[in-house]
Amino acid sequence: MTGLHKARLSETQMSNSAVTLLAEALGVDPKVVDENVSLRQTSAWDSLAHFRIVLALEERLGRKLTPIEVVSVRDFQSVSNLIQACEI
């Protein structure tokens, strides 16, 4: 397996982690979670769901999020980026 293949596999795993985390926190089917899920465009993403996402991230990462990280969690990409940054 090449290093590039490992990187792609890792990106896929990170994406799957973000999908699973968001689906559970938003209470939706993972099939509806994609790169377009965001605070502004997803009706299930209300203040309570945001709190659940933050808690799920803290559990996944094994640490508290900083205030800046909490407010930066606004979409699929930001969740995926946090997971990826802590998994490396």
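**A walk through a predicted four-helix chain**

Let me begin with one residue, E69, which is buried, with a relative accessible area of 16%. That glutamate has a partner, because E69 forms a salt bridge with R63, and the closest N and O atoms of the two are 2.8 Å apart. R63 itself counts as partly exposed, at 30% relative accessibility, so the pair joins a buried residue to a partly exposed one. In general, side chains of opposite charge can pair when their charged atoms come close. By the rule used here, the count of salt bridges comes to one.

Before going further, I should say that what you see is a predicted model, and that its confidence varies along the chain. The protein chain averages a pLDDT of 86, and 82% of the residues score at least 70. Over residues 1–9, however, pLDDT stays under 50, and for that stretch the model has one contact beyond four places in sequence. Where pLDDT is low, the predicted coordinates should not be read in detail. Please keep that in mind for the beginning of helix 1, which is assigned to residues 3–26.

Now to the overall layout. The protein chain has four helices and zero strands, so that, read from the N terminus on, the elements run α-α-α-α. Of the 88 residues in the protein chain, 34% count as buried. The chain exposes about 5,800 Å², and carbon and sulfur atoms supply 54% of that area. If we take the contacts between residues at least 6 apart in sequence, 52% of them join residues at least 24 apart.

Which residues touch the most other members of the largest nonpolar core? They are L22, I53, L57, V73 and V79, out of the 21 residues that make up this core. Helix 1, helix 2, which spans 47–61, and helix 4, which spans 76–87, each supply at least two residues of it, and helix 1 gives the most, with seven residues. To see one of these members at work in the model, look at L57, which, leaving aside its neighbours within four places in sequence, is in contact with L21, L65, V73, V79, L82 and I83.

Let me turn next to the loop between helix 1 and helix 2, where both V33 and V37 are placed. V33 is buried, with a relative accessible area of 7%, and, not counting residues up to four places away in sequence, V33 touches V19, L22, A23, V28 and F76. Computed along the chain in residues, V33 and N16 are 17 apart, while their C-alpha atoms lie 9.9 Å apart in space. V37 counts as buried too, at 5% relative accessibility, and its contacts, again leaving aside neighbours within four places in sequence, are L26, V32, T42, W45, D75 and F76. The C-alpha atoms of V37 and A23, which are 14 residues apart along the chain, are separated by 10.0 Å. F76 therefore appears in the contacts of V33 as well as in those of V37.

Where is R74 found? R74 sits in the loop between helix 3, which covers 67–72, and helix 4, and at 36% relative accessibility R74 counts as partly exposed. Although R74 and S38 are 36 residues apart in sequence, their C-alpha atoms are 5.7 Å apart in space. Not counting residues up to four places away in sequence, R74 touches S38, L39, R40 and W45. W45 is also among the contacts of V37.

Is S78 buried or exposed? S78, whose place is in helix 4, is buried, with a relative accessible area of 14%. The side chain of S78 reaches the backbone oxygen of S72 at 3.4 Å, and, once neighbours within four places in sequence are left aside, S78 is in contact with S72 and V73. V73 is one of the core residues I named earlier, and V73 is also in contact with L57.To close, I would come back to where we started, with E69 buried at 16% and paired with the partly exposed R63 in a salt bridge.

Conventions: Residues numbered from 1 in each chain as written. Predicted model: local features only at pLDDT ≥ 70, side-chain atom pairs only at ≥ 80, totals over all residues. Heavy atoms only, no water. Core = buried A, V, L, I, M, F, W, Y, C linked by side-chain atoms within 4.5 Å. Buried < 20%, exposed > 50% of the residue type's maximum accessible area, 1.4 Å probe, protein only. Contact = heavy atoms within 4.5 Å. Salt bridge = Lys/Arg side-chain N within 4 Å of Asp/Glu carboxyl O. Polar contact = N/O pair within 3.5 Å; in protein donor to acceptor, adjacent residues only side chain to side chain. Areas by Shrake-Rupley, 256 points an atom, 1.4 Å probe, with all protein chains shown as cover. pLDDT = per-residue confidence, 0-100.
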